[in-house]
Amino acid sequence: MSAAPSELWLKQAKSDLDLADYFERIPPFNETLCHAVAKYQQSVEKAIKGLVAELHRSGYIKSGPTTQHSIHKELSLLSAATHSPGRQGDKGILERLRNMT
């Protein structure tokens, strides 16, 4: 069985985070800082897309993540999901999200 899209996004986010940490440690630091910052940003972007993918798979939001670098759509979807009536207090989705990492 293939991995869920959310797992793939989170796996790539972790890979980007590890690479950012590596770039941050390479001397001279001032020459690799821009690479570290870029990878940190990409890691956050992919983690958000992983969250959106899982919420979409679970039926909590109407669409999944885009493959574009902007996360404007994903943040809008997350905002709408957290303010939807009937969704507050649902611990099932929180448990599934915790188990993804």
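A salt bridge here is a side-chain nitrogen of Lys or Arg within 4 Å of a carboxyl oxygen of Asp or Glu. With that in hand, let's walk through this structure, which is a predicted model.

Helix α1 is a good place to start. Its 21 residues, 5-25, should span 30 Å at 1.5 Å a residue, and the end C-alpha atoms are 31 Å apart, which agrees. Along this helix, S6, A13, D16, A20 and F23 are buried. They cover an arc of only 110° around the axis, so they sit on the same side of α1. K11 and R25, on the other side of the helix, are exposed. What do the buried residues of α1 pack against? Their partner is α2, residues 29-57.

F23 also takes part in an aromatic pair, and a search of the whole structure finds one such pair. Its members are Y22 and F23, in a tilted arrangement with 6.1 Å from centre to centre and 50° between the planes. Y22 counts as partly exposed because its relative accessibility is 45%, while F23 is among the buried residues of α1.

Now for the charges. Searching the whole structure gives five salt bridges. One of them joins D18 to K14, with the closest N and O atoms 2.6 Å apart. Both residues lie in helix α1, four residues apart, which is about one turn of the helix. D18 has 38% relative accessibility and therefore counts as partly exposed; K14, at 46%, is partly exposed too.

Another salt bridge pairs D16 with K46, the closest N and O atoms being 2.7 Å apart. This pair links distant parts of the chain, with D16 in helix α1 and K46 in helix α2, 30 residues apart. Both D16 and K46 are buried. Add K39, and D16, K39 and K46 are linked in a network of salt bridges.

Further along, E74 forms a salt bridge with K49, with 3.0 Å between the closest N and O atoms. E74 lies in helix α3 (residues 72-82) and K49 in helix α2, so the pair ties together parts that are 25 residues apart in sequence. E74 counts as buried because its relative accessibility is 0%, and K49 is buried as well, with a relative accessible area of 0%.

K49 turns up once more beside E45, a residue of helix α2. Why does E45 have no salt bridge with K49? The nearest side chain of opposite charge, K49, is 4.8 Å away, and a salt bridge requires the atoms to be within 4 Å, so the pair does not qualify. E45 is nonetheless buried, and its contacts beyond four places in sequence are Q68, H69 and I71.

Definitions and conventions:
Residues are numbered from 1 along each chain as its sequence is written. This is a predicted model: local features need pLDDT of at least 70, side-chain atom pairs count only at pLDDT 80 or more; totals for chains, interfaces and linings use all residues. Side-chain values use heavy atoms; hydrogens and water are left out. Helices (H or I, at least four residues) and strands (E, at least two) are DSSP runs, numbered from the N terminus. The expected span of a helix is 1.5 Å times one less than its number of residues. Buried means under 20% relative accessible area, exposed over 50%, partly exposed in between (1.4 Å probe, protein chains only). The arc is that of the directions from the helix axis to the C-beta atoms. Contact means heavy atoms within 4.5 Å. Rings of Phe, Tyr and Trp (its six-membered ring) pair if their centres lie within 6.5 Å; planes under 30 degrees apart count as stacked, over 60 as edge-to-face and the rest as tilted. Lys and Arg count as positive and Asp and Glu as negative; His and the chain ends are not counted.
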